[in-house]
Amino acid sequence: MPIKIQSDLPVKEILEQENIFVMDDTRAMHQDIRPIQILILNLMPLKEETELQLLRSLSNTPLQIDVTFMAVASHEAKNTSRSHLNKFYISFEQVKEQKFDGMIITGAPVEQMEFEEVDYWEELTEIMEWSKSHVTSTIHLCWGAQAGLYYHYGLKKRQLSKKMFGLFWHEVQNRKIPLVRGFDDLFLAPHSRHTEVSAEDIHNCKALTVLAESREAGVFLCMAMGGRQIFVMGHPEYDRVTLDGEYKRDKGKGLEIEIPANYYPGNDPELRPRLLWRAHANNLYTNWLNYYVYQTTPYDLDGTPF
């Protein structure tokens, strides 16, 4: 898969070891197509881990993709080195005059705070407003989806009685919409959150179309504006051991946490977790890139009609 990133980004070696094609500058310069420009606003604390997860998810398309990582300037990252951020991340001020084919807004571990209490909320709302005129299609993940639904449509989140944690079955709705093309009727996807936007509120919002929903975990996937805004309530990008790491971290801290649902063989945390969602996660990102990014943007990105 021809994904182009900076040649010295630390995850590049891992991707190559996994037999994922990472394009260098020389090869990219000889491609006779315009690269798809994807901006990733990474709000997760372990940014290098999230970089790897998202690049894996974007790695299953024949399109050439140029990825730019962005961090908020109004929050000081405590779990990623300043040198890594300075070298591989840009700020909103550096790109606000540019246009992008697609953007991903990640989740963030601030879901139990009110949106307005998050120290970078004002900057995030500026970015989300900017995306409406400078990005062809934006995917919002987990807390990023809750934030997007709140900012764009006024839908509030609510506290759950216990953490939604593990793999949950979802049923595809509106099968003819290209974003879920190739999906099975039922599929598993990871969730890890203490809050939700109620399924009733989402269904009652006429601007939103629900594409996948779970009896246990609520709405998983919905979109608006013909796919210009996409909201994913879970974490399809998670790798095999992400939930395992979260579970053992919280157990080690003495926090109340249940074993992730449908995750360990025999519900035994000592056994290797099963990877049961990767194919549908890859399909989701491939469909997004093909039908909502590549097929809808002109060769001259500055001429993109918004």
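Is K132 buried, partly exposed or exposed? K132 counts as partly exposed, because its relative accessibility is 31% and the partly exposed class lies between buried, under 20% relative accessible area, and exposed, over 50% (1.4 Å probe, protein chains only). The model is predicted, so local features need pLDDT of at least 70 and side-chain atom pairs count only at pLDDT 80 or more, while totals for chains, interfaces and linings use all residues. Residues are numbered from 1 along each chain as its sequence is written, and side-chain values use heavy atoms, with hydrogens and water left out.

K132 lies in helix α6 together with E129, 3 residues away, about one turn of the helix; helices (H or I, at least four residues) and strands (E, at least two) are DSSP runs numbered from the N terminus. E129 and K132 form a salt bridge, with 3.2 Å between the closest N and O atoms, where the term stands for a side-chain nitrogen of Lys or Arg within 4 Å of a carboxyl oxygen of Asp or Glu. An α-helix has 3.6 residues a turn, so residues three or four places apart point the same way. E129 is partly exposed too, at 36% relative accessibility. Elsewhere in α6, the buried residues include W121, L124, I127 and W130, and among the elements that cover the buried residues of this helix are β3, β4 and β7.

By the salt-bridge rule the count comes to 10, and some of these pairs join parts that are far apart in the sequence. E258 forms a salt bridge with K162, the closest N and O atoms being 3.4 Å apart, and this pair links the loop between α9 and α10 with strand β8 across 96 residues. The side chains of K163 and D250 also meet in a salt bridge, at 4.0 Å from N to O. Because K163 lies in strand β8 and D250 in helix α9, that pair ties together parts 87 residues apart in sequence; both K163 and D250 are buried.

K163 appears again at the largest pocket, where it is among the residues nearest the centre, along with S192, H194, E246 and R249, in a lining of 42 residues. A pocket is, on a 1 Å grid over the protein atoms alone, an open set of points where a 1.4 Å probe fits, with protein on both sides within 12 Å along at least five of seven lines, and lining residues have an atom within 4 Å of a point. Strand β8 gives the largest share of this lining, 7 residues.

Definitions and conventions
Contact means heavy atoms within 4.5 Å.
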